[in-house]
Amino acid sequence: MKDNTQQFPPPLDADKIRALETEALLKYLKSDLNGLSATEAEARLAFYGLNTLQEKHQSALLKFLSYFWGPIPWMIEIAAILSAVVHNTDDLVIILVLLFFNAIVGFWQEYQAGSAIDQLKKNLALKARVFRDGQWLSIDAAQLVPGDKVKIRLGDVVPADIALLEGDYLSIDQSALTGESLPVDKRIGDLIYSSSIAKQGEMTGVVTGTGAHTYFGKTAKLVSSARSASHFQKAVMNIGDYLIFISLVLVIILVLVGLERNLPVMELVQFALILTVASIPVALPAVLSVTMAVGAIKLAELKAIVSRLESIEELAGMDILCSDKTGTLTQNKLTLGEPVMFNGTDRQGIILAAALASDAQNPDAIDGAILQQLDNANVLQPFQQQHFMPFDPIQKRTEAEIKAGKGQAFKVSKGAPQVVLDLCQPDTSMRERAGQTVDEFALKGYRALGVAKTDDTGNWRFLGILPLFDPPREDAAATIKEAQEHGVEIKMVTGDNIAIAKQIAGELGLGQNILLAEQIIKAKDNEDVIHQVAQCAERADGFAQVFPEHKYWLVKDLQANNHLVGMTGDGVNDAPALKQADVGIAVSGATDAARAAADLVLTGTGLGVIIHAIEEARRIFERMNAYAIYRITETIRIMLFMVSAILIYNFYPITAVMIILLALLNDLPILTIAKDNTWLPPTPVRWDMHKVLTVATVLGALGVAETFLLLIIAKNYFHVSLEELQTIIFLKLAVAGHLTLFVARTRNRFFTSPFPAPILLFAIISTQLVAALIAGFGWLVTPISWEYVGLIWAYCLFWVFIEDSLKLWVYRHLEYKSKKHNRFLSHLKASLHSHNTKHKQAKYSNDLL
């Protein structure tokens, strides 16, 4: 049998690769300029492995066992040991059920969240352009193997270590790897490293190392890194800490009073441990993670992939969206209009020259529009493109060296009219005519493209101007109106001149207050006017003549007025703005660098994708908000009632077993809350701790009062036994708890739409039936009559309407106070601004004097 280890060469280090000439390197890699075949690539993939850095995964068994280790499991385990010591078999069995139930739920929740995150990673996987079987293909970068011929262009994240073979140059940003602050120019024979970013140029090369054998794989220390928690996560964790503190304080009081009353120590400690476990929100982190993870999968189905779960919160709170015009507000289907010719050129002549200055193999939108206008595609066959310089934001034009059939050579170029015109050294009249033509096109909403060609002497000759029109998307105006109804202000961002920007803005239903980006940027360093600049940016309907570097400062100006800002982008130079924005959005077809910097990556086109993502993010936020209110309410209700009842009546209102049953019954529906239907907030949402704590505290206090009232009625008027009283209180807490979830999940009446999701409704009804059966048949508790069961249900249903009315009153009161506070702040801010303006004017007058 042949030894597979001898089929392919071992990876070389960088120094040895640099020492080899191109032919020698290709020979060593057993490859050539034609790349590999699919069969060869498959064999090499089996030998070298995937082009990924392998993560260490803990075994599922060890992960499951970890849920039996920690403060909460220890409390449950101690309670189980105490039950075994006193030979209380019923308590021991139910405590063990709780222990395993918590472990299974925690393991399953983490598995769900992990699976969702893995799916998101697959959706965000890098692509690579590879030459196999004689054609260029786009494949997952993980499938690359040493010996593959690949193409790297502007905006790509380099997918592997690559030796450059063909092309002029690449400008590579490798600061993340080497610490160099400026991009480095690379040419034929140079090596570029995996994870660096192509800032300019385009070249082809051969893969020399993949996965752990790349420079990045060898030098990067693989640590499990995590971003800092979002505002919402911090707030919810603070709630958890607060509830733990309250629970422990009340339990300590309970134990001290029990000891003073000479209650059995073993029974008292066991009861205190179980009460603490049932009250602490053990499932809180898991519910939070799964709610966001399930929501992230839903967002992916809506063609919006979040690069990190925490960005869902910012998306839900975003109130300004700076949207690129092309492709998002327009169709990104350029149509070529009637060209204006210069220097005696005819229509087909200028279109042919523009086509020769295009990349026919990998055409972009402009190239495609031009190539479609050729009378005959075969007209390009007599010409050979010897060299092609692609468009980049700095040079603003393409250029190609062409060899004609008879050996004639010339150059062609297309790009921004003023840039192409400068090549030709025109006289004043030609420049004026060109400028007038561009302005006329702009008034119609057309973009202009200049075209030039060298003559027999090598001098550039201006051929004319091509008008290009990208019509607005059919749904753009309606979608913008929908966004505004959702409280999101759309600001158009375009590189076109202000005339085109106003024309398109008018068609889209946006205002005509379009500002030149340069005017905003120039004023950013003037502290005296920076506040006015931020206000101007805030009032603007859009920005024209925007360069990628301008976007960063536009975001900063808008954030200065406490806005959560979204910014779309697709190019490598958009990355700083996407990082600075609260929600950086990489549009469909964005470069790898833009995708890597973005919080949200779109796989569909149009503004509608973003609006649907905002709606879903707000629903996700509301699910987490509802869970937080419910969990605080229940902890206050159970802990405060239990401890107060023991202090007042000197008996346990429910038994330890009942507490465990309550914990099990309450947690089951919570597992489905991530898939619940919820209302869509009409405006952007942000975490409001004061509102959540106020609503939850009021509902919790009311719950304590209604439970005490039931206890008094049952004890003093129905004269039930202590054991029956405990079952009555157990059933009341079980029924009222789930009804409270109905109240907390919406800010409207609980019986109005949106109705609970079928899975949540099924979970609640099932657990309610189980609680009723436990009380009626006496499973692990003292049975009560079915008449009592019915009366408890009626009692809880009566109180749920009172809870719901009180909830609505609290929300209205908080909203009134919030509006009053905001009006006061606005008045104070205006007064301070007026005072500062007068002070600066007086200072200016004094300086003049």
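**Figure 1. Side-chain directions along strand β9 in the predicted model.** Residues I320, C322 and D324 point one way from β9, while L321 and S323 point the other way. Both sets of residues are buried. Strand β9 spans residues 320-324 and is mostly covered, with five of its five residues buried.

**Figure 2. Strand β9 and its pairing with β20 and β17.** Strand β20, formed by residues 565-569, pairs with β9 in the parallel sense over three bridges. Within this pairing, L321 stands opposite G566 of β20. Strand β17, formed by residues 489-493, also runs parallel to β9 and is joined to β9 by five bridges. Here the bridge partner of S323 is M492 in β17.

**Figure 3. Surroundings of T291 in helix α11.** Helix α11 covers residues 284-301 and includes T291. T291 has a relative accessible area of 2% and is therefore buried, the cut-off being under 20%. Leaving aside residues up to four places away in sequence, T291 touches I620, R623, M624, I673 and A674.

**Figure 4. A nonpolar patch on the surface, with residues from helices α9 and α25.** The patch consists of F245, V249, I253, L647 and I648, which together have about 430 Å² of accessible area. Helices α9 (231-260) and α25 (607-649) each supply at least two of the patch residues, and α9 gives the most, with three. One of the patch residues, V249, lies in helix α9. V249 counts as partly exposed because its relative accessibility is 35%, a value between the cut-offs for buried (under 20%) and exposed (over 50%).

Definitions and conventions. Residues are numbered from 1 along each chain as its sequence is written. This is a predicted model: local features need pLDDT of at least 70, side-chain atom pairs count only at pLDDT 80 or more; totals for chains, interfaces and linings use all residues. Side-chain values use heavy atoms; hydrogens and water are left out. Helices (H or I, at least four residues) and strands (E, at least two) are DSSP runs, numbered from the N terminus. Buried means under 20% relative accessible area, exposed over 50%, partly exposed in between (1.4 Å probe, protein chains only). Contact means heavy atoms within 4.5 Å. Two strands pair if DSSP finds at least two bridges between them. Patches are made of residues with over 30% relative accessible area and no salt bridge: like charges are joined within 9 Å, nonpolar side chains (Val, Leu, Ile, Met, Phe, Trp, Tyr) within 5 Å. Accessible areas come from the Shrake-Rupley method with a 1.4 Å probe; for residues, only the protein chains shown count as cover. A salt bridge is a side-chain nitrogen of Lys or Arg within 4 Å of a carboxyl oxygen of Asp or Glu.
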